[in-house]
Structures are given as C-alpha cells and as structure tokens.
Amino acid sequence: MRGMKAAIAFLLVLTIDIADGRAVFHNGGTGACDGCHGAPAGAGFSALQPGAATSGICLRCHAAARPEDCQVATSPAPPRGVPPASLTPGGDFAYLTKQYYWSEASGERAVSPGERHGHNVVAPAYGYFPDTTLTSSPGGTYPSDTLSCISCHDPHGNYRIIDGSGTVADSGNPVTGSGSYGAPPSDTDAVGSYRLLAGRGYGTRGTSHNFVYDPPIAVAPRDYNRGEDSGDTRVAYGKGSSEWCLNCHSGLSGWQGSAHLHPSGVALGEAIAKTYNRYVKSGDLGGNESDAFTSLVPFQSGDLTDVRQLASITTSHAGPKADDKVMCLTCHRAHASAFDAITRWNTKGTALTVNGGYPGTDAVSLGSDPGAAGGKTRGEYRVAMYDRAPSHFARFQRSLCNKCHARD
C-alpha cells in the first residue's frame, strides 16, 4: 500500500508537470518511459526503434526553444547570417548545419564545412547526417553512421555516484537526484552521473563498442545556457574529464605527452598555471589568480570527486593552481562549435579581434566583409564567442593558446 501511494503521488506530480508543459526527465535517473518510448512515431523515426534515428527522439525536446515546445518537429538550419541560439557549455549541434565559405588573401576559396564543427549525431529529420569524411571516431573505431545522443549519454541513468570516490555502473543505491548540479549522495540514495554520461561497460546497439572509462565527476551551474559578456559560465570539471573521451578516441593514447599530441589529463605545473593567471589578453600580463578564469580555456580541478566541493567552484572566478589539469575540453567543446574540430575559438585564425572588432570570418584572411562571401558575419562571430564583446580582448587579440603559453 505504501508503494502504491508513492507511485500515485509520483504520477500526480508528473501529470501536473506535463500539463504545465514541463515533464520532469533525467532527474538523476529517468522520467516516465512513455515520455520517450511512447512518443508518437513520425519525422522519420519510430519512438521504439533504436539506431540512427535515436537522436531524433532526444531532439524532440532538446532542439525545442522552450520546454513546452517538446514535440515531433523538424529543426531547420538557422538562415544564412543567423547563428544558432543555444549557448550551453557543450555547444549547439545546429553548427553542424552551418557551412562557411570565404576568400583567402591569395584569392583562393576556403571552406569550413558543417560536419567539421562537431560530433555528427545522426537525426535526418533535424538535418543531421553521418560524417562523410570520418567513418569512425578519430583515434578509435566507433562507427560514424551510428553516432547518436545515446552513444555518449545513458538515457536510463544507470551510472551513479555512490560516495565521494567516483561513479560505478549498475550498482549502488537508487538514484534520486542529478549529479550535474552538485547534489551530494546520502547513505541510502545516490545521484546520477554528470549529464547522464555513460561509463564502464556501456555499449549501444548496432556497435561492438564498450566503454572502459567511467564518466567524469563534474558540476554545472543551473544558469548554464546564457551569453557570457557579463561573466563566464563555469563548469567545475573533476576526476576523469579527459580519460572519459578515450572511450571512443582510444588511439589518442599518447595524450599524456606524445610529440604529435597536446598533453591532456596532466597537471599544468607552476609555470603554466602562473602564465594562465597573469594572462589577460594580448600584450597584458597584469592579471592575478583571483579572477583569471575564462570558460574559453577551462581546466580540470585536480582530481576532485566530491560534488559539493565542485559545486562551490562553479561560482569562483579563480584561475588554476599547479596541480590542476589541462583536459580535452580545455580547447574543445563537447557537442559542436562554430569552428573546425569543435574548438572553443578559431585556432586557424591569425587574430580573434582586429582593430578592436570581430573580423567576421572564421579563417586566416580578414576581408572587409567576409560575411558577404559566405563566411561568418561579425554578429555570428560574436555569438560564436558566446556573446562576448570584442572589448573583452586586445585590439589585435591573438589565439587563446596564449592563455597558457603567452607567445603573443
């Protein structure tokens, strides 16, 4: 009887939320099964059919402008000159639909194709198709034609934090909250992994791929989807932030110091941490640790596993200490960005700002109006930099690799 009352109470709450257009899903575990598996078939997929169209089920809600707009609908590419709307730390998948063209100073035409802007999840109804160039994950074997949201995220929330030491798969106490915002586990309950990320032993249908690394311990602020002109959005990354990427990119195993790869998952050291904290912009090394952080060059906070400690970091502006770590996400976004290789800023450009303004292009050349030739307009470029005004940078700002290396 007690269980029946609890079930009825849950259904009443869920019914109220659905009526209000805000069905509660993924609160550590999952919501009602019918929310995904009973969704109306359409837009090129069946709600119960796994495979390439799985992302279409996720995008019914995650591509909607508002929670109350969750529905089976297409999400066309933003019109030319109009940037994607989302400003989440992971980036907006809509950049996969943006093709940028421009003319180099030599007169040659250059291109930044959409498929180079992120992880090419497959959802034809939303304009997302398999990568035509990379048939498997770089440095790995995950097949591109089956890449979907659940390639990385476990929709059933089986990965949980059961204590302060990390996450485990399919064991431990029941999940009652999300680990994404710093809720601590209790003696009888657990919190879910960060963003429902999958971990050791996880595999998806249609592949023989199995994860060998558990999800990272991380915490995000609740107001994470916003412009950053007035302040950086800080995700606190803890233990496993780089290791987890190796689940699909295992061939990049020289990540800790290969001559051909930037180190990742290793401590910054005194010299790099000091440079990061002093660097403000090109030509300005007058900064200090207390306000040195920028989300355009984030870092892992040591090997922290306590979500409460990480939650306190999300409100901090402090730069790194020597034992904090460079990670894959220091330079790349997780989903997509406006730039090739999912980088957080334009690594192919000579300068990020020119004469105190954004150049309006995503490559080396700086034409008078590259937007007219199909490159990013200056407005698009500003959104790509998460709505930061050019005044955040130097008049002639060079690559943000200099935040750690100061070679400009």
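**View 1. Ring pairs link Tyr159, Tyr202, Phe211 and Trp244 into a cluster.** The model shown here is predicted. Within the cluster, look at the rings of Tyr159 and Tyr202. They form an edge-to-face pair, with 6.2 Å between the centres and 80 degrees between the planes. This pair links distant parts of the chain. Tyr159 belongs to strand β3, while Tyr202 sits in the loop between β6 (190-192) and β7 (218-219). The two residues are 43 apart in sequence. Tyr159 is buried, and Tyr202 is buried too.

**View 2. Phe93 and Tyr128 make a tilted aromatic pair.** A pair of aromatic rings is described by the distance of the centres and the angle of the planes. Here the values are 6.5 Å centre to centre and 55 degrees between the planes. Where do the two residues lie? Phe93 is in the loop between α3 (54-62) and β1, and Tyr128 is in the loop between β2 and β3 (159-163), so the pair ties together parts that are 35 residues apart in sequence. Both Phe93 and Tyr128 are buried. In total, the structure holds eight aromatic pairs.

**View 3. The largest nonpolar core has 34 residues.** Tyr95, Tyr128, Tyr276, Val297, Met385 and Leu400 have the most contacts inside this core. Strand β1 (100-103) and helix α6 (378-384) each supply at least two of the core residues. The largest share, three residues, comes from α6. Now follow Leu400. Neighbours within four places in sequence are left aside here. Leu400 is then in contact with Leu296, Val297, Trp345, Leu352 and Phe393. A second, separate core has 16 residues, including Tyr159, Ala198, Ala218 and Leu329. In soluble globular proteins, nonpolar side chains tend to be buried together.

**View 4. Strands β1 and β2 pair in the antiparallel sense.** Four bridges join the two strands. Trp102 stands opposite Ala110 in β2. Which side chains of β2 (residues 109-112) are buried? Ala110 and Ser112 are, and they point to one face of the strand. Arg109 and Val111 point to the other face and are not buried. The side chains alternate along the strand.

**View 5. Cys149 and Cys328 are in no disulfide.** For Cys149, the nearest cysteine sulfur belongs to Cys58 and is 4.1 Å away. A disulfide needs the two sulfur atoms within 2.5 Å, so this distance does not qualify. Is Cys149 buried or exposed? Cys149 counts as buried, at 15% relative accessibility. For Cys328, the nearest cysteine sulfur is that of Cys245, at 3.9 Å. Cys328 is partly exposed, with a relative accessible area of 25%. The disulfide count for the structure is zero.

**View 6. Two arginines place their charged ends over tyrosine rings.** The charged end of Arg195 sits over the ring of Tyr224, 4.7 Å from the ring centre. The charged end of Arg333 sits over the ring of Tyr386, and here the distance to the centre is 3.8 Å.

**View 7. The whole protein has seven helices and ten strands.** How many residues does the protein have, and what percentage is buried? The protein has 408 residues, and buried residues make up 44% of them. Consider contacts between residues at least 6 apart in sequence. Of these, 62% join residues at least 24 apart.

Terms used: Residues are numbered from 1 along each chain as its sequence is written. This is a predicted model: local features need pLDDT of at least 70, side-chain atom pairs count only at pLDDT 80 or more; totals for chains, interfaces and linings use all residues. Side-chain values use heavy atoms; hydrogens and water are left out. A nonpolar core is a set of buried Ala, Val, Leu, Ile, Met, Phe, Trp, Tyr and Cys residues joined through side-chain atoms within 4.5 Å. Buried means under 20% relative accessible area, exposed over 50%, partly exposed in between (1.4 Å probe, protein chains only). Contact means heavy atoms within 4.5 Å. Two strands pair if DSSP finds at least two bridges between them. Rings of Phe, Tyr and Trp (its six-membered ring) pair if their centres lie within 6.5 Å; planes under 30 degrees apart count as stacked, over 60 as edge-to-face and the rest as tilted. A charge sits over a ring if NZ of Lys or CZ of Arg is within 6 Å of the ring centre and within 35 degrees of the ring normal.
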